[in-house]
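Trainee: I would like to go through this model with you, one question at a time. Please give the cut-offs as the terms come up.

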Amino acid sequence: MGNWGPGIYQNDISEDIRDDYKNKLKAGISDIDALNEILADGIEYSEDDDDKFDFWFALASIMSDMGRLTEDVKNTAVELINSGEDLLRFKDNKSELKMRRKVLEKLREKLVGKQPERKRIPVIKAFLCPWKQNDVFIYKLDSECYKDKPYFNKFVVLLVDELVNYDVDIPLGDMLPITYLKICSDYPTLAEDIDNSPFIPQRMIFYLNNPKKNRLEREHRFMWYRNGFKKNALRFELWGNYEFTRPYNKQWTYPSIKDLKDFHTTIACMLSRFDEYIIKSLDFYKEDL
C-alpha cells in the first residue's frame, strides 16, 4: 500500500479507513454497525504485521474526532503505540522517524485524554439523477462571456449516454449521468442536425497523455458529480429523447483512485463554472470543431 509521509493519514489504508467510517455514518448506519462493518471489512489489514498500525491508528483517530471512540479501539491503538513497533518502519529515514514519533505521541494524548462530545452527522441520501438515457438538452451560448468568441450565440447540446451507480460519497451510491457535449451553429430542429454536429472532446488529464494529437483515442464522455448538479442542470432546456449516434469510445471506466480527487475537482469546477469550462474546451479544440 502507498505511504507518502509519517502522518496518521499519509497512507492509502488510513485514508480509506477514515473515509469509509465517515461515509458509513453519513449513510445513516448506527455507530456500532459502522464500527463492526469497518472491523469486518478490514480484518486483513487489522491483523497484518505492518498494515495493522495504519488500520488501528486511523480508526481510533477518526472515531475520537467523531466523539465515538470505544474502549476496545482506544486500548488497541494505545498498545500498538506503546509497543514502539510502528517506528521500525521509519528507521531508514531519520527525519521521518522523528516526525512519526511526535505524531504518535500526539495521537496517544488525543486518545487517552478527554474525548469530545458525540458529533451529530447529517445523513446524506443517495442522489438519483432525474435525467434519462438518451435525453438531449440544449444550452445557448449567449452570455456576455461568449460575446467575443466565434461560437457566440451557437448552441451546446448535452446528450445523456447512460446513468451509472457510483459510491464515492455514500455506500448506497448515487445514480450519476455520463454525458457527451456537441456544438451546433443553429438551434437543432431535427435529430439529424444533432447527429451531424461535432462532439466536443473532453480534456480530463487522466484520459490521455496528449489529447490534441491522439484524435482516435479521445474521450468524449464525462461523468457529472453530484455537487452543484441541481442548480446547474436548470440552465439546460430539454430538447427530447432519442437514440443518438455515439462516437467510438472504449467501455466507460472510472478514474483510478489516485486521480479521484482531481477528477471530482474538475467536474465540480465544471458545474460551478460551466461557461468557463465550455470556453476552455472549445478554444482547446477550435481547429477541429
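Trainee: What percentage of the residues of the protein count as buried?

Mentor: This is a predicted model, in which local features need pLDDT of at least 70, side-chain atom pairs count only at pLDDT 80 or more, and totals for chains, interfaces and linings use all residues. Residues are numbered from 1 along each chain as its sequence is written, and side-chain values use heavy atoms, with hydrogens and water left out. Buried means under 20% relative accessible area, exposed over 50%, and partly exposed in between (1.4 Å probe, protein chains only). Of the 289 residues, the share that counts as buried is 44%.

Trainee: How many helices and strands does the protein have?

Mentor: Both are DSSP runs numbered from the N terminus: helices are H or I with at least four residues, strands are E with at least two. The totals are 10 helices and 5 strands.

Trainee: Where do the buried residues of H5 lie around the axis?

Mentor: Helix H5 covers residues 71-83. Its buried residues are Val73, Lys74, Ala77, Val78, Leu80 and Ile81. They cover an arc of only 160 degrees, taken from the directions from the helix axis to the C-beta atoms, which puts them on the same side of H5.

Trainee: Which helices do the buried residues of H5 pack against?

Mentor: Contact means heavy atoms within 4.5 Å. The face turned away from the buried side carries the exposed residues Glu71, Asp72 and Glu79. The buried residues of H5 pack against H2, H4 and helix H6 (94-112).

Trainee: Is lysine 24, in its salt bridge with aspartate 41, buried or exposed?

Mentor: A salt bridge is a side-chain nitrogen of Lys or Arg within 4 Å of a carboxyl oxygen of Asp or Glu; here the closest N and O atoms are 4.0 Å apart. The pair links helix H1 and helix H2, 17 residues apart. Aspartate 41 is exposed at a relative accessible area of 60%, whereas lysine 24, at 10%, is buried.

Trainee: How many residues apart in sequence are the parts tied together by lysine 110 and aspartate 65?

Mentor: Their salt bridge has its closest N and O atoms 2.7 Å apart. Lysine 110 lies in helix H6 and aspartate 65 in helix H4, so the separation of the parts in sequence is 45 residues.

Trainee: Which residues are joined into one network by salt bridges that share partners?

Mentor: Arginine 89 and aspartate 86 meet in a salt bridge at 2.5 Å, N to O. Aspartate 86 is buried, with a relative accessible area of 1%. The network joins Asp54, Asp86, Arg89 and Arg100.

Technical notes: The expected span of a helix is 1.5 Å times one less than its number of residues.
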